[in-house]
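This report concerns the nonpolar packing and selected local environments of one protein model. The sequence and structure are shown first, and the description follows.

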Amino acid sequence: MDLDTLRDNSGEDWIAAALIAAGVFVGLLLLRWVLVRFTERGPQTGAATTLRGLAAAIERRTHEAVLLIVALAAGSTALSAPEEVGRIVQVVTVIALLVQAGLWGSAAITFAARWQREHDPDFAAPGVTEAGRYLGTLALWSLLLILALDNLGVQVTALVAGLGIGGIAIALAAQSILGDLFASLAIVLDRPFAVGDFIAAGDMSGSVERIGVKTTHLRSLSGEQLVLGNSDLLNSRIRNYGRMEERRVVLTLGVTYDTALEQVEAIPGIIQEAVEQQESTRFDRAHFQGFGESALEFEAVYHMTSADYGLYMDTQQAISLELLRRFREAGIEFAFPTRAVHVYGQLSPSAD
């Protein structure tokens, strides 16, 4: 390497290079200082807090060594140098910037994962969040490594093709695992249910205890733990009772056929009064529905304004007891399965 070109630079050129390098370095440090002040001041609520938190995470991962390399590269522009030296400076600067970009990106991904856990406690799925953070960081550094190798003059086309073929082979070998992994990410993004919700999928139901990378854990009503694969879970029709706001209740009953017409006409009003006595109900309708096999059938519909199952059962019990009391006071009898046999004619005596 011919260094005569460097010796040809005058003292003024070296001074100018030093001043440029120092100015750039001080300017970058000042910019980082401003970023620090930004993270320490301002409102403590809303989106500004999130932005300051992200800025703080990026500021903590900013290294003075990278700033110094950038400053020296800027100062070298004032000097005449051999092409080889210029190429070395360029490669070192680009690699330093790529490393710094990787540190910033990793900090942003980690901050996003932590923000998800802290600001969404009802959907706490730390395994899924951690897997997403790991995959995002791995993808970021893989891309930066390929860019660094390309900057060093390495032919990365064959490397990228090999990684692509290898990725396809790994994906085929771990198809089930990857299916559950992407299903867990779909659960995180789409949020069909959250930890604490009571859900039913197929013939299984229970409260969601944990949303993992591969499986979701439910606690059934009988007490045992149910472990379902995320992909199988998403392929099922899910009923999320945890997000029920109201409960529609259909009440059916039957009375005997010998009930008087006036009593039949009064029954819908009696049902309405029994339903409206309860604070947590909203009456919809009550009608004489039709003629059953062994009863005059009535149907009523009302809504529970709360999704609490215990309250629903208490209310249903109170309505049933009130109807039983009112019917007995009015002399109305509930029907039960009966069969009447009518015999016509007279049996002839058998001949001797």
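## Nonpolar cores and local contacts

In this predicted model, Ile271 touches Leu251, Leu253, Ala286, Phe298, Ala300 and Leu323, residues up to four places away in sequence not being counted. Ile271 is also one of the five residues that touch the most other members of the largest nonpolar core, the others being Val255, Phe298, Leu323 and Phe327. This core comprises 21 residues. The elements that contribute two or more residues to the core are tabulated below.

| Element | Residue range |
|---|---|
| β6 | residues 247–255 |
| α10 | residues 261–276 |
| β8 | residues 296–304 |
| α11 | residues 309–330 |

Of the elements in the core, α10 supplies the largest share, namely 6 residues. Another core, of 10 residues, lies apart from this one and has Phe193, Ala201, Ile211 and Leu218 among its members.

The surroundings of His287 may be considered next. His287 is placed in strand β7, which spans residues 281–291. Because its relative accessibility is 43%, His287 counts as partly exposed. Neighbours within four places in sequence aside, His287 is in contact with Glu297, Phe298 and Glu299. Phe298 thus appears both among these contacts of His287 and among the residues touched by Ile271. Between His287 and Val301, the C-alpha to C-alpha distance is 9.2 Å, with a separation of 14 residues in sequence.

On the surface, Leu30, Trp33 and Val34 make a nonpolar patch of about 310 Å². Leu30 belongs to helix α2, which covers residues 11–40.

Technical notes: Residues numbered from 1 in each chain as written. Predicted model: local features only at pLDDT ≥ 70, side-chain atom pairs only at ≥ 80, totals over all residues. Heavy atoms only, no water. Helix = DSSP H or I, 4+ residues; strand = E, 2+ residues; numbered from the N terminus. Buried < 20%, exposed > 50% of the residue type's maximum accessible area, 1.4 Å probe, protein only. Contact = heavy atoms within 4.5 Å. Core = buried A, V, L, I, M, F, W, Y, C linked by side-chain atoms within 4.5 Å. Patch = residues over 30% accessible without salt bridge, like charges linked within 9 Å, V, L, I, M, F, W, Y side chains within 5 Å. Areas by Shrake-Rupley, 256 points an atom, 1.4 Å probe, with all protein chains shown as cover. Salt bridge = Lys/Arg side-chain N within 4 Å of Asp/Glu carboxyl O.
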